[in-house]
Amino acid sequence: MAETAQATADNGAGNHQDTNGLEAFVYDDKIVRQFAWATVIWGIVAFLVGVIIAIQLAYPEAGFGISFLSFGRLRPLHTNAAIFAFAGNGIFAAIYYSTQRLCKCRMYSDLLSKLHFWGWQLIIVSAALTLPLGITQSKEYAELEWPIDIAIAVVWLVFFGGNFLMTLIHRRERHIYVALWFYIATIVTVTMLHVFNNLWLPAGLVYLFQHGEMPSAELALKSYPIYAGVQDALMQWWYGHNAVAFFLTTPFLGLMYYYLPKAAERPVFSYKLSIIHFWSLVFIYIWAGPHHLHYTALPEWASTLGMVFSVMLWMPSWGGMINGLLTLRGAWDRVASDPILKFFVVGVTFYGMSTFEGPLLSVKAVNSLSHYTDWTIAHVHSGTLGWNGFMTFGMLYWMMPRLFQTKLWSKKLCAMHFWFGTIGMVLYILAIYSAGITQGLMWRAFDESGRLTYPAFIETVTVLLPMYWIRVVGGLLYLTGALIGAYNLFRTWKTRPEKYEEVVHYAPALSKGPIVDPKGKERLHANTALGVAGDKVLQGNWHRALERKPVKFTFWVIVAVAIGSLVEAIPMFLVSSNVPTISTVEPYTPLELAGRDIYVSEGCYNCHSQMIRPFLWETMRYGEYSKPGEFVYDRPFQWGSRRIGPDLAREGGLRDHNWHYRHFKNPKDVNDKSIMPRYPWLLENTINFDEIQPRVDSMALLGAPYGELLLDNNAVKHAQEQAFDIAYELQELGGPSYEETMDKKVIALIAYLQRLGTDIKKSEPEAAAAGGE
Amino acid sequence: MSMSEIVSFLDLSVFPSVALVFFLFAFFAVLVWALTRSKQEIEDAANIVLNDDEVVAPRHSIQNNTAARSEGEGVSHV
């Protein structure tokens with residue numbers, strides 16, 4: 001055992017001066033232990049919720065007709081828990097451990113570390129409370145409402161980013177190792193993505209400032225994005241894709257470049273390749289977002305740009321994957337017996353598979369088949385369970401015994417976890433790949449007479465149910481593996497020493513001023529002025545200097561990621577031809593707006609798209625393809641990303657009010673094969689009409705021309721009149737008495753659904769008349 | 001003339017084309033630099049990850065944690 005000592009002269013930052021000019025310091029491993037345990041606990045929560053919603057898809061009654069257990073509300077909880085709670089805490093644990101050691105110094109501020117840890121856990125708990133209550137922005141992976149968004153920005157940038165950057169500045173190792181580059185890219189890019197995708201107008205706050213009162217707690221948390229329709233979609237998928245890139249990829253690559261060499265006990269295969277990997281990846285990845293919107297109302301130039309850069313991503317991604325696997329050269333014999341290395345090998349292999357499949361799915365022809373199907377879900381899970389999950393588990397198994405200053409309790413249980421996880425993943429993704437491809441092919445199948453082979457959408461759903469059950473089994477196996485892992489780590493923790501020893505490390509402080517290569521200096525003196533400049537470039541001093549200056553390095557990373565973002569966003573926002581307006585498209589009525597907010601709150605976008613692509617098989621099934629100008633009042637956009645149920649873009653007028661009423665009450669009443677959950681609370685809960693005027697006022701502030709509806713509480717009166725009309729029609733159609741339903745949420749939702757996609761069917765005079773009502 | 005009008009007059013392909021040229025220039029610069037770095041420099045950088053846990057002790061108690069690493073690697077007693 002190395003010489004150890006109790007840190008008795010700790011100055012608070014773990015540093016003190018030794019008489020020989022070396023500085024003594026102690027790493028803050030407590031914060032790493034806290035993040036590591038949070039990873040384990042939240043991982044189990046995320047997997048458990050995943051299994052619950054997987055069961056609900058195969059057996060909808062598993063929601064029990066309870067609002068906070070419905071699929072639309074739990075699915076965002078699952079994705080947020082997996083990404084931000086499990087993977088998030090995992091990368092924080094990995095970063096806090098490796099950064100201190102790579103910088104040879106303690107984290108800059110223990111206080112910031114603690115604020116980061118507890119702030120992040122508080123955010124997770126807030127998400128776990130608000131999402132099941134239907135408090136959501138409905139933007140995938142950015143669902144959390146505005147107060148939590150602000151908390152995320154502060155915790156991420158100030159507590160985490162500030163602490164990390166200051167640690168780099170105060171480091172004792174001159175060279176900034178490549179893993180730290182990936183961490184820098186993560187911090188700056190996630191900040192940029194989070195801030196610009198979450199620019200909103202809080203409806204409750206606006207009303208509070210205008211009228212000095214807040215109608216309800218629900219409204220206090222409600223916000224509308226400043227972007228609408230096509231622009232909102234572009235921003236959301238710029239965010240959504242790059243959340244995968246810079247939250248689930250770059251930090252894990254940093255993790256790979258640190259923990260894989262550690263576990264294999266050999267340096268990375270090619271450090272040169274890691275440098276090229278880094279710069280290529282951070283520059284290219286940011287462009288790829290629009291490939292999530294192929295054949296939608298997004299302008300074609302943007303989606304083509306997304307596709308081209310996605311295909312280019314193959315090279316850096318595979319460069320990184322090959323670099324990771326070849327790091328094990330000469331150590332493959334150990335992979336057979338070391339389950340930790342197994343986790344890393346399978347993790348990196350899944351990275352290779354996912355980053356091959358991602359560009360493949362971005363190719364328009366492939367995307368026309370895969371989009372809105374379960375294929376995307378299989379792709380996402382091969383990345384999350386395989387790459388993120390297994391890299392995290394490998395990291396935890398390697399790191400936690402060291403943090404507990406003991407040995408791993410059971411290697412056998414570790415191996416068992418590995419096999420449960422691997423078999424679970426394979427079952428999951430194979431079943432869901434099959435489901436996705438089956439769905440896509442059935443949607444586009446024509447018979448000999450040129451008609452859709454499966455015109456009833458439900459036929460393309462029920463055929464998937466066996467695969468959904470296999471997914472449940474796969475998910476259960478993965479969850480079981482995680483539980484075994486948690487037990488093993490718990491037993492490892494139980495064998496820790498009574499008091500942790502704090503190893504005192506010594507290292508010289510970082511010398512001031514640049515280190516000039518003497519050989520290079522001689523050459524420089526011998527050259528002319530032009531030659532000197534050229535020689536500097538050829539020697540690479542520009543990059544060498546960059547590697548040693550974290551602030552400048554961070555600046556150039558920002559430049560690299562900002563270019564792709566600006567090139568896509570500026571034309572989209574400033575070139576008016578991107579979103580041609582349609583004269584008959586008007587703002588939603590106050591009641592429809594309230595209904596739309598219920599649609600958002602219930603997470604209907606998790607199963608239903610509102611985007612008809614310009615394909616014959618889609619227009620025959622759903623109607624006229626969607627136009628950019630139809631969405632100018634959609635805040636947030638509701639295009640969705642999958643179709644567990646049919647598209648709703650042209651739902652308006654297709655079915656009568658009573659059909660919708662019965663459908664929400666119990667979908668099996670109108671279709672006995674339906675897998676949609678029941679929504680009994682929509683039939684019982686009342687509309688808060690006091691909230692309607694503030695909602696309309698906020699939309700007006702964002703540009704919706706509401707005219708006289710902004711005066712004298714007219715929006716409320718208009719909403720009550722429309723609610724009465726719909727409730728009365730419902731009664732006439734054989735539904736319950738209008739007195740029973742006219743103030744219920746289901747009426748607002750029916751109003752919204754009956755409006756969907758109808759504007760472009762109106763003639764201009766009809767639209768003008770409707771607007772003047 | 002507004003910013004929107006100015007940008008609308010420009011051909012949209014200008015933006016990605018300029019960015020692509022910038023990227024290619026930056027990519028080749030990084031490529032050339034990475035490939036021309038000395039072997040020693042690259043090895044030193046790559047080995048940071050393996051040396052980062054060493055206890056660089058003061059002269060009066062020179063020790064490193066190589067032994068600690070090998071001792072600490074052990075796992076499993078079940």
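Select A:Tyr27 to begin: this residue lies in the loop between strand S2 (22–25) and helix H1 (29–58) of chain A. The model under inspection is a predicted one. A:Tyr27 counts as buried because 24 C-beta neighbours fall inside 10 Å, the threshold for that class being 20 or more. Leaving out residues up to four places away in sequence, show its contacts: A:Gln100, A:Arg101 and A:Arg106. Then add A:His505, which is 478 residues from A:Tyr27 along the chain, although their C-alpha atoms are separated by 8.3 Å.

**A second loop residue: A:Met107**

Move next to A:Met107, in the loop between H2 and helix H3 (110–130) of chain A. Is this residue buried or exposed? A:Met107 is buried, since 25 other C-beta atoms lie within 10 Å. Displaying its contacts, apart from neighbours within four places in sequence, brings up A:Asp28, A:Tyr96, A:Gln100, A:Ser113, A:Asn163 and A:Thr167. A:Gln100 was also among the contacts of A:Tyr27. For a distance across the chain, select A:Asp697: A:Met107 and A:Asp697 are 590 residues apart in sequence, and their C-alpha atoms are 47 Å apart in space.

**Chain A as a whole**

Now zoom out and colour chain A by secondary structure; 32 helices and 5 strands appear. Along the principal axes, the C-alpha atoms of the chain fill a box of roughly 90 × 65 × 60 Å. Chain A has a radius of gyration of 28 Å, which agrees with the value near 28 Å for a compact globule of 773 residues. Of those 773 residues, 55% count as buried. Among contacts in chain A between residues at least 6 apart in sequence, 82% join residues at least 24 apart.

**The nonpolar core**

In soluble globular proteins, nonpolar side chains tend to be buried together. The largest nonpolar core here has 243 residues, and A:Val282 and A:Ala748 have the most contacts inside it. Helix H2 (residues 71–103) of chain A gives the most to this core, with 18 residues. Centre the view on A:Ala748 and show what it touches, not counting residues up to four places away in sequence: A:Leu591, A:Ala594, A:Gly595, A:Ile598, A:Ile687 and A:Ala723.

**Two helix pairs**

Select helix H12 (residues 314–326) and helix H14 (residues 339–362) of chain A, whose axes come within 9 Å and cross at roughly 170 degrees. H12(A) is therefore roughly antiparallel to H14(A), as angles over 145 degrees are placed in that class. The crossing of H12(A) and H14(A) is left-handed. Show side chains for the contact: H12(A) supplies A:Trp314, A:Ser317, A:Trp318, A:Met321, A:Gly324 and A:Leu325, while H14(A) supplies A:Val348, A:Tyr351, A:Gly352, A:Thr355, A:Phe356 and A:Pro359.

For the second pair, select helix H24 (residues 590–601) and helix H28 (residues 692–701) of chain A. Their axes come within 10 Å and cross at roughly 95 degrees, so H24(A) and H28(A) are roughly perpendicular to each other. On the H24(A) side, pick out A:Pro590, A:Leu593, A:Ala594 and A:Asp597, which meet A:Ile692, A:Arg695, A:Val696 and A:Met699 in H28(A). A:Ala594 has appeared before, as one of the residues touched by A:Ala748.

**Backbone details**

Three loop sites merit a view of the backbone atoms.

- Select A:Arg635 and A:Pro636: the peptide bond from the former to the latter is cis, with omega near -5 degrees. A:Pro636 belongs to the loop between helix H25 (616–622) and helix H26 (657–665) of chain A.
- Select A:Phe64, in the loop between H1 and H2 of chain A. Its phi is positive, about 60 degrees, although A:Phe64 is not a glycine. A:Phe64 counts as exposed, because it has 10 C-beta neighbours inside 10 Å.
- Select A:Tyr372, in the loop between helix H15 (364–370) and helix H16 (374–403) of chain A. This residue, other than glycine, has a positive phi near 75 degrees. A:Tyr372 is buried, with 24 other C-beta atoms within 10 Å.

**Chain B**

Finish with chain B, which has 4 helices and 0 strands. Followed along the sequence, its pattern is α-α-α-α. Of its 78 residues, 17% count as buried.

Technical notes:
Residues are numbered from 1 along each chain as its sequence is written. Chains are lettered from A and ligands numbered from 1 in the order in which they are written. This is a predicted model: local features need pLDDT of at least 70, side-chain atom pairs count only at pLDDT 80 or more; totals for chains, interfaces and linings use all residues. A residue is buried if 20 or more other C-beta atoms lie within 10 Å of its own, exposed if 12 or fewer, and partly exposed in between; C-beta atoms are placed from the backbone. Two residues are in contact if their C-beta atoms, placed from the backbone, lie within 7 Å. A nonpolar core is a set of buried Ala, Val, Leu, Ile, Met, Phe, Trp, Tyr and Cys residues joined through C-beta atoms within 7 Å. The radius of gyration is taken over C-alpha atoms; the globule rule is 2.2 Å times the number of residues to the power 0.38. Axes are lines fitted to C-alpha atoms, for helices over the stretch in contact, and angles run from 0 to 180 degrees between N-to-C directions. Angles under 35 degrees count as roughly parallel, over 145 as roughly antiparallel, 65 to 115 as roughly perpendicular and the rest as oblique. A crossing is left-handed if the near helix is turned anticlockwise from the far one by less than a right angle, and right-handed if clockwise.
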